[in-house]
Amino acid sequence: GDLLEVGCGEGRGIDWLIPKVTSYSAIDKIAPVIEQLKTKYPQAKLIGGNIPPLSAYSDNSFDCIVSFQVIEHIQDDKMFLKEISRVLKPGGLALITTPNRLLSLSRNPWHIREYTAPELTDLARPFFTTVEMKGITGNEKVMQYYDRNKASVNKMMKWDIFNLQHKLPASLLRIPYEILNRMNRNKLKTGADELVQSIDHTDYLLVDDATKALDLFLLVRK
């Protein structure tokens, strides 16, 4: 049916989504990227704007809504979910992913907050008739990379003896976070390039138990 992607970013999923829907619409706050995507995907309906609200869209407009790794960046997460519900058609489906806080390796200063499965489930219940929580995890290769990443991050965190990552304002942490995160990823890639290069989307799995999943996968219906 008619699909809306809330927070399409650089459009990494558009090639996957467009063939599966009647119409594809998307909104994101990064205006220059939206303009580039309009050229690349002339059949798509793309809008630049801050979210929430979703004031560009009328009530009951979409059969399906997807929002991948966005809600953790949203200050008013209740309004975010309320707006998704508003623009969904009755019976419409929304798919929402976000990091599982229980498996995060450090504070991400670009995130307003992160959630556990029960927290996100409870947050969504007032706005939807059905709420189902699943998880996205990885196979043995993915978890091997995760464990290496965790060990590397823990070595860095030993220097944070005053727990500054949780005490300082996010704005002060963003630059050092970006530098250390890039250093860590480059180090892992150099040390385990064969493993890194061997991982693709087929190594990530949808599971019913979100407790130990890397990401939460929320399915809700209006």
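# A guided tour of the predicted model

Pro 53 is placed in the loop between β3 and β4. This is the starting point of the tour, and the model under view is a predicted one.

**The loop between β3 and β4**

Select Pro 53 together with the residue before it, Pro 52. The peptide bond that joins Pro 52 and Pro 53 is cis, with an omega of about 0°. Pro 52 also belongs to the loop between β3 and β4. Now add Ile 51 to the selection: a cis peptide bond joins Ile 51 and Pro 52 as well, here with omega at about -15°. As background, most peptide bonds are trans.

Remain in this loop and select Asn 60, which is found between β3 and β4. Although Asn 60 is not a glycine, its phi is positive, at about 55°. With a relative accessible area of 37%, Asn 60 is partly exposed.

Move next to Gln 69, in the loop between β4 and α3. Its phi is likewise a positive value, near 60°, in a residue other than glycine. Gln 69 has a relative accessible area of 30% and is partly exposed. In general, most residues other than glycine have a negative phi.

**The sheet**

Display the strands as a cartoon. Eight strands make up an open sheet with mixed pairing, in the order β3-β2-β1-β4-β5-β8-β6-β7. Which strands are the edge strands of this sheet? They are β3 (45-48) and β7, each of which pairs on one side only. From one strand to the next, the twist averages 20°.

Go to the β7 end of the sheet. There β6 and β7 pair in the antiparallel sense, over four bridges. To see the register, select Gly 135, which stands opposite Val 207 in β7.

Then select helix α3, residues 77-87. This helix lies across β1 (2-6), β4 (62-68) and β5. Relative to β5, helix α3 runs at about 145°.

**Salt bridges**

Show the side chains of the charged residues. Side chains of opposite charge can pair when their charged atoms come close. The count for this model comes to 12 salt bridges, and the tour visits some of them.

Select Asp 208 and Lys 134. Their side chains meet in a salt bridge, at 2.4 Å from N to O. Asp 208 lies in the loop between β7 (204-207) and β8 (215-221), while Lys 134 lies in strand β6 (residues 130-138), so the pair ties together parts that are 74 residues apart in sequence. Are the two partners buried or exposed? Asp 208 is exposed, because its relative accessibility of 60% is over 50%. Lys 134 is buried, because its relative accessible area of 16% is under 20%.

Elsewhere, salt bridges that share partners join Asp 2, Asp 63 and Lys 89 into one network. Select these three residues together to view it.

Continue to Arg 101 and Glu 119. These residues form a salt bridge in which the closest N and O atoms are 2.7 Å apart. The pair links distant parts of the chain, 18 residues apart: Arg 101 is in the loop between β5 (88-99) and α4 (117-124), and Glu 119 is in helix α4. Arg 101 is partly exposed, with a relative accessible area of 37%. Glu 119 also counts as partly exposed, at 34% relative accessibility.

Now select Asp 122 and Arg 125. They form a salt bridge whose closest N and O atoms are 2.7 Å apart. Asp 122 is partly exposed, with a relative accessible area of 47%, whereas Arg 125, at 51%, is exposed.

**A nonpolar patch on the surface**

For the last stop, switch to a surface display and select Ile 161, Phe 162, Leu 164, Leu 168 and Leu 172. These residues form a nonpolar patch on the surface. Together they have about 500 Å² of accessible area. One of them, Leu 164, lies in helix α6 (residues 164-167). Leu 164 is partly exposed, with a relative accessible area of 37%.

Definitions and conventions. Residues are numbered from 1 along each chain as its sequence is written. This is a predicted model: local features need pLDDT of at least 70, side-chain atom pairs count only at pLDDT 80 or more; totals for chains, interfaces and linings use all residues. Side-chain values use heavy atoms; hydrogens and water are left out. A salt bridge is a side-chain nitrogen of Lys or Arg within 4 Å of a carboxyl oxygen of Asp or Glu. Helices (H or I, at least four residues) and strands (E, at least two) are DSSP runs, numbered from the N terminus. Buried means under 20% relative accessible area, exposed over 50%, partly exposed in between (1.4 Å probe, protein chains only). Patches are made of residues with over 30% relative accessible area and no salt bridge: like charges are joined within 9 Å, nonpolar side chains (Val, Leu, Ile, Met, Phe, Trp, Tyr) within 5 Å. Accessible areas come from the Shrake-Rupley method with a 1.4 Å probe; for residues, only the protein chains shown count as cover. Two strands pair if DSSP finds at least two bridges between them. Axes are lines fitted to C-alpha atoms, for helices over the stretch in contact, and angles run from 0 to 180 degrees between N-to-C directions. Contact means heavy atoms within 4.5 Å.
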